[in-house]
Amino acid sequence: MKSQKHTLRDYILVQLNQYTYSKNQLEEWEKFGLSARKLEQSAKGSRPGDPTAAQALSHLEPDERIRRIRGWVNAIEQAYEFFLLENQTKAKLMEMLYGLDGKPAHLCTQYNREEISQQLNIGNSTLYNWRHDIVTMVLMNAVEEGLLTPQSRKTKRH
């Protein structure tokens, strides 16, 4: 049986492919108030309010999973905004591959890659290079969001 080695690139591609789902999930949580801040955090520098209300609101504080999803959505959207300013065709590629235009992400089969290349008037090698640029930009933003650290893959020494 062949073992699969998952790379950091694969992990980022999963996050990109799940962008639309993650974004929708965050919007649902927003509807239910799961992004509420603790009462003490709402007014910096002021005295804490009602301790009972603060305790009740602390239960609505998003857990680590919600914070991570929000961080990935932010990292992806920041990359998209960068490409909108720097290279709109690359931003369009990001929309088409990962659903940043609100549409479901394309499954990147050979047919879709060829179709995307034709629509954007770019070659296959450019498509792959730009996809690499997108993954790299999301990686850098994920590091800035605190989702990944250079030390996150320490090896154990015996």
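**Exercise 1. The surroundings of Met-94**

Find which residues Met-94 touches, leaving out those up to four places away in sequence, and place Met-94 in the nonpolar core.

*Solution.* Start with the contacts in this predicted model. Met-94 touches Leu-16, Ile-76, Ala-79, Tyr-80, Phe-83, Gly-99, Leu-100, Ile-134 and Val-138 once residues up to four places away in sequence are set aside.

Next, turn to the largest nonpolar core, which has 34 residues. Those that touch the most other members are Leu-16, Leu-93, Met-94, Tyr-98, Ile-134 and Val-138. Leu-16, Ile-134 and Val-138 are also among the contacts of Met-94.

Then ask where the core members come from. At least two residues each are supplied by α1 (8-17), α2, α5 (64-86), α6 (88-98), α7 (110-120) and α8 (124-144). The greatest contribution is that of α5, with 9 residues.

As background, nonpolar side chains in soluble globular proteins tend to be buried together.

**Exercise 2. The chain as a whole**

Describe the helices and strands of the chain, then its burial, its contacts and its surface.

*Solution.* Begin with the elements: the chain has 8 helices and 0 strands. Read from the N terminus, they run α-α-α-α-α-α-α-α.

Now look at burial. The chain has 158 residues, and 32% of them count as buried.

For the contacts, take those between residues at least 6 apart in sequence; 68% of them join residues at least 24 apart.

Gly-146 and Gly-71 offer a pair to look up in the model: they are 75 residues apart in sequence, while their C-alpha atoms are 8.0 Å apart in space. Gly-146 lies in the segment after α8. With a relative accessibility of 52%, Gly-146 counts as exposed, because the cut-off for that class is over 50%.

Finish with the surface. Its accessible area comes to about 11100 Å², and carbon and sulfur atoms account for 51% of that.

**Exercise 3. Ser-22 and the largest cavity**

Decide whether Ser-22 is buried or exposed, and identify the residues that line the largest cavity.

*Solution.* Locate the residue: Ser-22 is found in helix α2, which spans residues 19-31. Its relative accessible area is 7%, so Ser-22 falls under the 20% cut-off and is buried.

Check the contacts of Ser-22. Not counting residues up to four places away in sequence, Ser-22 touches Ile-69 and Val-73.

Move on to the empty space. The count comes to 1 cavity of 30 Å³ or more, and the largest cavity holds about 40 Å³ of space. Its lining consists of Gln-15, Tyr-19, Ser-22, Ile-69, Trp-72, Val-73 and Ile-76. Ser-22 therefore has a place in this lining as well as being buried.

Last, assign the lining to helices. Both α2 and α5 supply at least two residues each, and α5 gives the most, with 4 residues.

**Exercise 4. Three salt bridges**

Of the 5 salt bridges in the structure, work through Arg-9 with Asp-10, Arg-67 with Glu-64, and Glu-95 with Lys-92. For each pair, give the distance and the exposure of the partners.

*Solution.* A general point comes before the pairs: side chains of opposite charge can pair when their charged atoms come close.

- **Arg-9 and Asp-10.** Their side chains meet in a salt bridge with an N to O distance of 3.5 Å. Arg-9 is partly exposed at 40% relative accessible area, and Asp-10 is partly exposed at 27%.
- **Arg-67 and Glu-64.** The closest N and O atoms of this salt bridge are 3.6 Å apart. About one helical turn separates the two, because they are 3 residues apart in helix α5. Arg-67 is partly exposed, with a relative accessible area of 39%; Glu-64 is partly exposed as well, with 46%.
- **Glu-95 and Lys-92.** These side chains meet at 3.4 Å, N to O. They are 3 residues apart in helix α6, so about one helical turn lies between them. Glu-95 counts as buried at 13% relative accessibility, whereas Lys-92 counts as partly exposed at 35%.

Terms used:
Residues are numbered from 1 along each chain as its sequence is written. This is a predicted model: local features need pLDDT of at least 70, side-chain atom pairs count only at pLDDT 80 or more; totals for chains, interfaces and linings use all residues. Side-chain values use heavy atoms; hydrogens and water are left out. Buried means under 20% relative accessible area, exposed over 50%, partly exposed in between (1.4 Å probe, protein chains only). Contact means heavy atoms within 4.5 Å. Accessible areas come from the Shrake-Rupley method with a 1.4 Å probe; for residues, only the protein chains shown count as cover. A nonpolar core is a set of buried Ala, Val, Leu, Ile, Met, Phe, Trp, Tyr and Cys residues joined through side-chain atoms within 4.5 Å. A salt bridge is a side-chain nitrogen of Lys or Arg within 4 Å of a carboxyl oxygen of Asp or Glu. On a 1 Å grid over the protein atoms alone, a cavity is a set of points where a 1.4 Å probe fits but cannot get out, and a pocket is an open set with protein on both sides within 12 Å along at least five of seven lines; lining residues have an atom within 4 Å of a point. Grid points are joined across faces, edges and corners, and a volume is the space filled by probe spheres set on the points.
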